[in-house]
Amino acid sequence: MSGPRFYCPVPLAEGLRLDLPENAARHAGKVLRLREEDELVLFNGAGGEYACRIARVGKTCVTVNVLELHAVEREAPLAITLVQALQAGEKMDLTVQKAVELGVARIVPVVSQRGVVRLEGERALRRVEHWRAVVVSACEQCGRNHLPEVTSLVGLKSWLSQSEAIGALRLMLLPGSGRTLNDFSPPGAGGRIELLIGAEGGLAPEEVQLAEAAGFVPIRLGPRVLRTETAGLAALAAIQCLWGDFREEADHV
């Protein structure tokens with residue numbers, strides 16, 4: 001069974017009959033114009049996905065029958081955390097969306113010294129909730145059944161002083177660095193990687209020093225300077241090609 005995928009944050013079980021959450025019902029009924037007997041897939045973030053069939057489409061609700069659990073997962077073998085300095089405009093949305101597609105397990109948005117955006121109080125809370133909604137949409141699209149975590153917005157210096165690197169390979173992109181990903185041994189399955197990316201102005205020298213003191217190793221991706229919205233995604237793709245499930249897929253071709 002196939003069909004559009006929807007995040008449904010409620011307990012799911014075979015044989016259950018339920019109404020879709022408001023947003024999912026609106027999208028299914030008003031945007032996709034699904035009808036009775038159409039098929040769809042639900043997941044609740046706890047693992048696996050459920051094949052469903054629409055039983056009723058009303059003006060404001062869509063009722064489905066849950067038919068069967070498919071215990072399929074599409075998570076990366078590496079637990080990658082993207083520590084991303086806050087980006088301007090829609091760049092952050094793009095980074096969050098594509099990072100989910102590239103298999104990241106956690107996203108830590110941080111405020112850096114050279115960033116051009118400042119968010120505080122209610123504005124910061126609203127943006128974090130917005131990014132979490134972006135994560136949901138990305139998981140619906142790419143097939144992931146677990147939602148990557150988006151942490152609260154925090155200052156980079158504060159995060160570096162409080163975070164622990166136990167068992168994690170900590171990397172930060174820094175133009176001109178003498179090291180590349182090829183200089184590191186491949187992490188084993190379940191290995192933890194933390195990737196630090198600066199904002200539009202890059203990382204300030206004192207932030208680089210603090211990051212190095214916290215165990216982050218500077219690396220470069222080729223000879224060119226990448227924009228902030230390119231750097232993290234390129235690094236994630238390279239990590240997946242070298243050590244993650246991009247290589248795993250290639251081994252099966």
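Is Arg144 buried or exposed? With a relative accessible area of 3%, Arg144 is buried, and the views below, all taken from a predicted model, set this residue beside other local features of the chain.

**Figure 1. Overview of the protein chain in the predicted model.** The chain holds 7 helices and 12 strands, and its C-alpha trace spans about 60 × 45 × 30 Å along the principal axes. Of the 253 residues in the protein chain, 45% are buried. Salt bridges number 15 when the whole structure is searched, and some of them are shown in the views that follow.

**Figure 2. Close-up of the salt bridge between Arg144 and Glu75.** The side chains of these two residues meet at 2.6 Å, N to O. Because Arg144 lies in the loop between α3 and β8 (149-150), while Glu75 lies in the loop between β5 and β6, the pair ties together parts that are 69 residues apart in sequence. The two partners can also be compared by their accessibility: Arg144 is buried, with a relative accessible area of 3%, whereas Glu75 is partly exposed, with a relative accessible area of 30%.

**Figure 3. Close-up of the salt bridge between Lys91 and Glu229.** In this pair the closest N and O atoms are 4.0 Å apart. Lys91 belongs to helix α2 and Glu229 to helix α6, so the contact ties together parts of the chain that are 138 residues apart in sequence. Lys91 has a relative accessible area of 25% and is therefore partly exposed, whereas Glu229, at 18% relative accessibility, falls under the 20% cut-off and so counts as buried.

**Figure 4. Close-up of the salt-bridge network of Arg106, Arg170, Arg192 and Glu194.** Within this network, Glu194 forms a salt bridge with Arg170, and the closest N and O atoms of that pair are 2.5 Å apart. Glu194 is in strand β11 and Arg170 in strand β10, and the pair links distant parts of the chain, 24 residues apart. Both Glu194 and Arg170 are buried.

**Figure 5. Close-up of the largest nonpolar core, which has 39 residues.** The residues with the most contacts inside this core are Trp131, Leu171, Ile193, Leu236 and Trp243. At least two core residues are supplied by each of β6 (79-85), α2 (91-101), β7 (106-111), α3 (121-142), β10 (168-173), β11 (192-197) and α6 (228-242). Among these contributors, α3 provides the largest share of the core, with 7 residues.

**Figure 6. Close-up of the positive surface patch formed by Lys30, Arg33, Arg35 and Lys59.** Lys59 is placed in the loop between β4 (49-57) and β5 (62-70), and at 77% relative accessibility this lysine counts as exposed. Arg33, another member of the patch, is found in the loop between α1 (22-31) and β3 (39-43). At 58% relative accessibility, Arg33 likewise counts as exposed.

**Figure 7. Close-up of two residues with positive phi, Arg33 and Glu37.** Most residues other than glycine have a negative phi. Arg33 nevertheless has a positive phi of about 55° although it is not a glycine, and the phi of Glu37, which is also a residue other than glycine, is near 80°. Arg33 is found in the loop between α1 and β3, and Glu37 has its place in the loop between α1 and β3 as well. Glu37 is exposed, with a relative accessible area of 56%, and Arg33 is exposed at 58% relative accessibility.

**Figure 8. Close-up of Val154 in strand β9 (residues 154-155).** At 24% relative accessibility, Val154 counts as partly exposed. Along the chain, Val154 and Pro109 are 45 residues apart, and in the predicted model their C-alpha atoms are separated by 6.8 Å.

**Figure 9. View of Thr60 in the loop between β4 and β5.** Thr60 is exposed, with a relative accessible area of 72%, and the loop that holds Thr60 also holds Lys59 of the positive patch. Pro205 is included for reference, since Thr60 and Pro205 are 145 residues apart in sequence and 54 Å apart in space, C-alpha to C-alpha.

Definitions and conventions:
Residues are numbered from 1 along each chain as its sequence is written. This is a predicted model: local features need pLDDT of at least 70, side-chain atom pairs count only at pLDDT 80 or more; totals for chains, interfaces and linings use all residues. Side-chain values use heavy atoms; hydrogens and water are left out. Patches are made of residues with over 30% relative accessible area and no salt bridge: like charges are joined within 9 Å, nonpolar side chains (Val, Leu, Ile, Met, Phe, Trp, Tyr) within 5 Å. Accessible areas come from the Shrake-Rupley method with a 1.4 Å probe; for residues, only the protein chains shown count as cover. Lys and Arg count as positive and Asp and Glu as negative; His and the chain ends are not counted. The place of a charge is taken as NZ of Lys, CZ of Arg, CG of Asp or CD of Glu. Helices (H or I, at least four residues) and strands (E, at least two) are DSSP runs, numbered from the N terminus. Buried means under 20% relative accessible area, exposed over 50%, partly exposed in between (1.4 Å probe, protein chains only). A nonpolar core is a set of buried Ala, Val, Leu, Ile, Met, Phe, Trp, Tyr and Cys residues joined through side-chain atoms within 4.5 Å.
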